[in-house]
Amino acid sequence: AESRNPRIQPGAAGFLDLASEVLDAKPLPAGQDSGTFVEQALDDMDRYVASLPMQQQQAAESAVIGIPVTIEDEIKPAYERYDDCLKTQASGSPVTSATTMAKFNEAMKVCTSVRDYAVAEATKALSAKGWDEPTRQRAAETTFAKIDESWLAMGRQYQELLAKREAALAA
């Protein structure tokens, strides 16, 4: 399903569908349909973020944050295990801008079994929401795909930061 909201990237459309599906069975304010409710919630979040003071330029340039990912409370313990594995694998050895992405990809390969276990645990944990098995599985897999995407984005940001530092030292 194609979202009417231009903020929703193609990979994130599944979240919009999932949110709409979950809300379809719930009474919503003013008799709104679930799609409209989700769209308005996104608009409210955009207005809130736009109202926040901007960070200092230097802090923004040096921040390496990846892509923000929304994680259900039930998934958090499984996420933390996987995140710890990734960070442990990526730390402890020096990297340069030329080796950063290889190190981040290597961490993902080493942590594959931890990730698989985390997805299985997240799927089980989401039963607390009353979702059926296919919905829980899809939510867990989609969340961990986003976590992987964020991890690689963080690697690219770190690579760019290192390249800038290396260039400044060479100048």
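In the predicted model, helix α4 meets helix α5 through Y82, L86, Q89 and A90 on the α4 side and K103, A107, M108 and V110 on the α5 side. Sorted by class, this contact of α4 with α5 holds six nonpolar residues, one polar residue and one charged residue. The axes of the two helices, α4 and α5, come within 8 Å and cross at roughly 135°. An angle of this size makes α4 oblique to α5, since angles count as roughly antiparallel over 145 degrees and as roughly perpendicular from 65 to 115 degrees. The crossing in which α4 passes α5 is right-handed.

Helix α5 covers residues 100-110, and the buried residues in this helix are T100, M101, K103, F104, A107 and M108. Viewed down the axis of α5, these buried residues fall within an arc of 165°, so they line one face of the helix. The packing partners of the buried residues of α5 are three helices: α4 (76-90), α6 (112-125) and α7 (133-170). Of the buried residues of α5, K103, A107 and M108 are among those that meet α4.

Helix α4 also packs against helix α6. The angle between α4 and α6 is about 170°, and their axes are 8 Å apart. Because angles over 145 degrees count as roughly antiparallel, α4 is roughly antiparallel to α6. On the α4 side, the contact is made by A78, R81, Y82 and C85, and on the α6 side by V114, R115, Y117, A118, E121 and A122. By class, the contact of α4 with α6 comprises seven nonpolar and three charged residues, with no polar residues. Y82 of α4 takes part both in the contact with α5 and in the contact with α6.

A further contact joins α6 to α7. The axes of α6 and α7 come within 8 Å and cross at roughly 140°, which makes α6 oblique to α7. In passing α7, α6 makes a right-handed crossing. The residues of α6 that take part are R115, A118, V119, A122 and T123, and those of α7 are E133, R136, Q137, A140, E141, F144, A145 and D148. Six nonpolar, two polar and five charged residues make up the contact of α6 with α7. R115, A118 and A122 of α6 belong to this contact with α7 and also to the contact with α4.

Three residues of the contact between α6 and α7 were examined individually. T123 is placed in helix α6. With a relative accessible area of 3%, T123 is buried, because the limit for a buried residue is under 20%. When neighbours within four places in sequence are left aside, T123 is in contact with E133, R136, Q137 and A140. These four partners of T123 are included in the set of α7 residues that meet α6.

R136, one of the partners of T123, lies in helix α7. R136 has a relative accessibility of 13% and therefore counts as buried. Apart from neighbours within four places in sequence, R136 is in contact with T123, L126, S127 and W131.

E133, another partner of T123, is found in helix α7 as well. The relative accessibility of E133 is 41%, so E133 counts as partly exposed; this class lies between the limits of 20% and 50%. E133 and T123 are ten residues apart along the chain, and their C-alpha atoms are separated by 7.6 Å.

For the chain as a whole, the secondary structure consists of seven helices and zero strands. The order of elements from the N terminus on is α-α-α-α-α-α-α. The chain has 171 residues, of which 32% are buried. Among contacts in the chain with a separation of 6 or more, 72% are between residues 24 or more positions apart.

Terms used: Residues are numbered from 1 along each chain as its sequence is written. This is a predicted model: local features need pLDDT of at least 70, side-chain atom pairs count only at pLDDT 80 or more; totals for chains, interfaces and linings use all residues. Side-chain values use heavy atoms; hydrogens and water are left out. Buried means under 20% relative accessible area, exposed over 50%, partly exposed in between (1.4 Å probe, protein chains only). The arc is that of the directions from the helix axis to the C-beta atoms. Contact means heavy atoms within 4.5 Å. Axes are lines fitted to C-alpha atoms, for helices over the stretch in contact, and angles run from 0 to 180 degrees between N-to-C directions. Angles under 35 degrees count as roughly parallel, over 145 as roughly antiparallel, 65 to 115 as roughly perpendicular and the rest as oblique. A crossing is left-handed if the near helix is turned anticlockwise from the far one by less than a right angle, and right-handed if clockwise. Ala, Val, Leu, Ile, Met, Phe, Trp, Tyr, Cys and Pro count as nonpolar, Asp, Glu, Lys and Arg as charged, and the others, Gly among them, as polar.
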